[in-house]
Structure formats: structure tokens, C-alpha cells
Amino acid sequence: MHPNRQPRTRSPLILAASALAALVAIGGCSKSATDPNVRAGDLPVDAAFGKKLQEQLLDAKPGSVIEIPAGHYHLDRGLSLRVNGVTIRGAGMEQTILSFRDQVAGPEGLLAQASDFTIEGLTIEDTKGDALKINSGENITIRGVRVRWTDGPKTTNGAYGLYPVKAKNVLIENSQSFGAADAGIYVGQSKNVVVRGCRAEQNVAGIEIENTIDADVHDNVATGNTGGILVFNMPNLSQPGHSTRVFHNKVDANNLGNFGAKGTAVSSVPAGSGVVINSNSLVEIFDNDVTSNVTANVIISSYFSTGYFNTKGVQPNYDPYPRGIYVHDNRFGGGGDSPDGMDLKVLKTALFGLNGHFPDVLWDGYVDPARADVAEERLCVDATASGVLNADGPHKYKDPKVVTEALRCKLAPLSPVTLAPAGAASA
Amino acid sequence: MRLNFFLAPALCLLAALASCARAPVPVDFIAQGKPEHLSEWHLLNVAEGRLALNAGVLPYDLVTPLFSDYAHKLRTVWMPKGVSATYTADKAFDFPVGTVLTKTFYYPRANGGPDAILETYDAEPGSPAAGLDLSRVRLVETRVLVRRADGWTVLPYVWNADQSEAELERTGDEKALTLVDAQGHGQKFTYVVPNENQCASCHVTNLKSGEFTPLGPKARNLNRTLAYADGTGNQIARWVKAGFLTGVPAGELPRAADWRDAGLPIADRARTYLDVNCAHCHQAGGTASNTSLRLDSLGPADWSLGLCKPSVAAGKGTGDRIHDIVPGKPDDSILPYRLASTEGGVMMPELGRSTVHREGVQLIRDWIAAMPGHCQDTTSQKD
């Protein structure tokens, strides 16, 4: 017997069945890879592949690398990982595609509850719920991962694309999201976060940093979303966020009609919003190209403007005011010329005429009356922006006015985020 | 003489066989590994058309159970001699190494083939003490929870078609079943057997510790009577008598509300229902703590229970509603909307069911409808 040949211990029937399954799998891959008209939904569910992959995730040990070869795989159950120190690696986002089009259980595509976790080089598409959720854990790397909903923007798409929450030391780089019904690339309730080199398109929120402390969002492209890059603080959560730098991004033409379900925070974002700060503190927005966002290139707002505030349902110690926001040295172009919603349209026309446009920064005007004079908590906007409109939200928009000159102040720059070296936090 | 010579050993053999049938192999604590077959545990025996409990295995039931697609559940507890669980007031009892819990999911059969099953609360044709009549029930899966030296291990076993054995399926399974209601209407659904990680996503109730824990056997949910083979008795008293439980305090023990007992206050029934069905994730420090929605019965009845609380990460799960619970208005509340859905990304709980628990949804709706107050008291800014 050839030394490499397997001893023939399996029954011919089993052998035949598995050979058949392998043929089907290979046939499915090549079919979808070569014929762009064949979507994953037209292929049979590859149950054996899904079972084997889930088994690998169950059996993984710290240090395990789970490789998923090139192919368009069709899974009907969400995957999950609960082991620290694991890497999941595809052959590249164009090569390894996991489709969840006919998912019966999940609801995520992949749910990881693990530290020292890396996922790279694959696509997750058409999940019923969130595409890639990472719930808690430290030292999370998402690299070269694409998530998408192939029918385009729909309210029934999954909420979040790339979704680390309650995590520490998070790097999302060279990744992409298309079509999320809430936020495409979202980091929530986390600490020490870098999002760079990513692309977000056709999501309600392109990139969103929420209730997160110390985040750098740079060298990304957010285009064709409802809102491009959002930095939010929502009530009732485990921590209020602060200290986010948004720099050297391209935030262009985020004018997609808002398709988020009513009741979600992002459904309050007007179509045509470039960079949106809501109720967050210490945010520095600089060196970005922010163009052609038709409501406004930058919006600074309070939770009061979302319409969700009520005294019973919001924790009393919640801080709804944006504080210490610094917009400087950006390159703006166009935008503000066709705001979303009747109120904003009327406001724009009344102040700037039918053919006019809002200045680059639209501010709802909410200021904590007890701390209005604290220099570090001001909104400061430099002359690279065409101006700032205070919409006078606190007085029911009675007296909106351009306040450009009054906000020509400077704030101290924020420190860069330094990610802990891999494995440091778990040592 | 000669005849007797040959008869004697044959009689011995017959006697041995008979005694074998009367005294099956005792339960064994398997301290490591993952046995491929349920029968290797010797907890539940298939014999003479019945699934019966082995000697020393005690059945138990819960005051209010988790809804699992209308499945009936035969629960058992077993411990090695000489060890016992320690009573705790709020959490699952502290079980000793060697404990084995099982939960067998089954349905009474309906007319219409092996995959047709009845939607009913009537426990017949099974009873915890007498076991199950296999000609009249469809067995689906048996989950084994075993407490080993390094913590709890979960092993999901799926029953074969002739109900003679259940095989380990670590990655779970799917069964296409048809649930037939009292009017004879059939509803096709996919019963999903969870994989090991999905088991953990409910049984690990604290994200930080990552500790796996049983969910059902808590004092408040065990504190009820059960019909045992030798008479009816209180379960906690029986556990003590069997040597399975120590440290039970004197006096009245906590007792959860029976969600189906219309004689109890609706708030108690609803809070217990949410506690059992949702709180394994929705509790302080739980998997869903990122939503800040806390549905355990020990939590306060304020925004954290969902009262007037805006959604956090619901996505399409809001159903275009603003608040988790709007007092007096179940149709405006997110909570019953998600309980009434079977769509992935909308439905809650997100694991463990493929059908709607109509009676459970109705209970939550009635509870919300009876709540006083509103969510209108908004103020735009404190001046």
C-alpha cells in the first residue's frame, strides 16, 4: 500500500456519500465563482460544510487558526465561537464568502464571545441579524472582512455589519460594510478602538462609534450612506463615551434615504448627513474631506433632538449634551443644499433661500446651561468650515442664526489611541 | 437426571437474564470525554416501549418553564452517593461534582405521520415518574448537563427515528415537524437543536466570569409538588430526602409564580415568565447587558425593565415602535412585538424557538395593557 493512502476502513456507502457531498460542494463553489448570475440563495445549503466549520469553532484551542478556503458557502445556521486566542482566516474577501441567505437560526452570521480574536479575509453576507457580532472580549482584530446585504438597503436587513460591543483594544481595518439597516461598522461601549482603511456604503450609519472611550477613526471612506460617520452617546448604557478623533476620512455624498426602523437611534439621522456628533464629548474632527452631504456636512446635536427623550425611560444621570467638540482643518465642498425633512427644508429656505445652502456645520444649539461658560466644553469650528448654523432647538427653532464667528475657538488636541500589543491584556 | 443436567444451566441463564432486566446497569458519573450515545450514561432506559428513569434518578419539574416550541420536557437529576447540592436562595443550587441533569424534549404524537406532534399543555402520555410511552410520544433530543471537576459540560443528544438511542450532536441539528393545535390545524416549523456554544449562550449568564450554570433548578422554580411513583410531594423536600440537597433554611421558601395560574397577580406571572424566558441573557452582567434591558424577576420595575425605555440595538426589531414597554399600550411596545415574531433578527428570545408562544405573548400583552401611566412626560431641556 502506498504510505499516504488511507487504509480502507470506511464502508463503501459512507465513502460514496462523502465523495458525493464533496463533489456537490466543489460544484457549488465553481458554479457561483464563475457565474455572476448565480446567487448563493440559488444554491443548496451546504450543511456538511457548516457542521464542520462549527465543529472547528467548538474544538478550537488558544492559538488555533481556522482557515476557510476560497468558495461561496451557503450556511443556514449562525456560527459561534467562545474560545480565546483564535484566528479565523479566509482566502480573502473576494474569495471566501459565507452566505446566510436562508438562515433558520442565528440570528448573527458569526457571534464571538472571546478575547485575542482575529478574523480576516472573508465576506459574510445576507444574515438575518447582525453579520459579525463580538460581545465583550479584549484584543479584537477585524481585518479585510466584508459584510453585505446583497439585495441592497432594506429595513429588513440585519442591524449591524461589523459589531464589536463591550470590547477593549479593537482594531477594524481594511474592512467594508454594505447595506446594514442600522450601522455598517459599529463599535459600542468599548475602550481603545481604531477603525481605519475601511469602506462603508449604503448603510443607514456608515461608521458609528457609540458610548466608546478613546477611538481613532481615520483613513476611511463613508459614502452613499444616510449618515457617514457618527459619534453618539445613548442613554442607559454601561458607560458614556468620550475622546474620539475623526480624521483623514473621505465622507462624501451620504444622501441615502433613511431606511432604519423607527425607534432605532439612527432612524433620527437625516439623509444627507456627513459627520454627526450626538451627545458625545471630546470629539476632534480634522483633516477630512467632507463633501456633498445634502443636509449638512457636519451635524452637532443633543439627544433632545432625536425625539426619544422622556424622563421615565432615560436614566437620570444621562448627559445629553455634546461637549468639547472641535472641528478644524477639514476640506469641505458642496452639501447643505437639500436637507432631509420638511422642518429642515423650511429652515434652509427661510434663512438661505431656495437656491442657498446650510453652512458646513449644523448645530441644534443645546448647551448645558449650568456649564455654558466652561471653555473646554465648547463647540469650536475653524474657518475651513463655511460656517455654523445654530438651529435654536431649545426654543423650538424660533430664532435660528449663523454663529460662525462666536465659535472660532480652539480646543486642545486629543491624544492618539495606542492599541495594546497583541496578547498583552490577556497576559 | 440427564434432562435435569441440561435444564439446570439453562434455567440459570434465564434467571440471570431476568434479573438483568429487573436491575439495569446503575448510573455512572462519566468524569471526562463526550460519550457518543445517551445510553452510556444509564440515566434513561428504553425498555418495553417506555423511556423510564433508572434507579436513583429523580424527576423534577419547574413552576414556570422556558418555552421551547411547545415541547414537553422530562427533567431528571442524579448525584453520586455521598454528595449533595447546597441550597442557594436566588441562583441555581450549587451542585457537586458528579451531578448529572438531563432534559428530554418530546411531544405527544398527532395523527399524520412521525413528524406530526400535538400542541398541548396536557402532560399525557408522559409523566415524570412513570416515564414516557414511546408509542405515543415523539422524542426529539435529550440534553445532558454534567458537573465535572472543571465545571459544567453540556452534551446535546438527538433521538434516532425508532427512538431506541440518542446520538451526540455537538453542532446541533434541525428537525422538520408539524405542530397540530386543538382545532387540528398543522403548523410546519423547524425545530432547532442548539450546538454546544448556543447552549452556553444561555447557560453562561455572566459574560465576565464565563461560568456555565444550570438555569432551571433554582429554589423558587423548584418549589412545587410533583407526583412521584410513591406519592405526591414537594420537590425541595424530596431532594432533601433523596440526599440531593442540604442547607435548606427553615420557614417559607421563595416560590415563583406559575405563569398559567390565573388566580395570581398578572404582574407576578408576567415577571416570572420574563425571568424564565429572557433573563438568562437579560440580567445584570448577562450576554444582553449591552442593551441595559433587565428582565430578571429580581430587577427594579423602572426603565431597566423596559418602561418607556428607547431601544438600544434592536434594528428592525423595533417594529417601528419607540419604547420597549409603553404602559397601557401593548401594540406600541417593542417587547410583545419581538415575542410574537419568528423572524431572525426580530424575534426574542433569539435562540430556542421557531414558533410563537401565543399564550405567553398574550400574558405579556395583558400585563402591559393593565399598566397605568404613559411615556409622554418629555421635557426638552432642564433650564
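Q: How many residues does the contact take from chain B and from chain A?
A: In this predicted model, where local features need pLDDT of at least 70, side-chain atom pairs count only at pLDDT 80 or more, and totals for chains, interfaces and linings use all residues, 44 residues come from chain B and 46 residues from chain A. Two residues are in contact if their C-beta atoms, placed from the backbone, lie within 7 Å. Residues are numbered from 1 along each chain as its sequence is written, and chains are lettered from A and ligands numbered from 1 in the order in which they are written.

Q: Which element gives the most to the side of chain B that touches chain A?
A: H2(B) does, with five residues. Helices (H or I, at least four residues) and strands (E, at least two) are DSSP runs, numbered from the N terminus.

Q: What makes E13 and E14 of chain B a strand pair?
A: Two strands pair if DSSP finds at least two bridges between them. Eight bridges join E13(B), residues 173-180, to E14(B), and the strands run antiparallel, so they pair. B:Ala176 stands opposite B:Thr190 in E14(B).

Q: Where do the bounds of the domains of chain B come from?
A: They come from an automatic or database domain assignment, which divides chain B into domain 1 (23-246) and domain 2 (266-369). Their centres, taken over C-alpha atoms, are separated by 26 Å. The contact takes 23 residues from domain 1 of chain B and 19 residues from domain 2 of chain B.

Q: Which element gives the largest share of the side of domain 1 of chain B that touches domain 2 of chain B?
A: E14(B) gives five residues.
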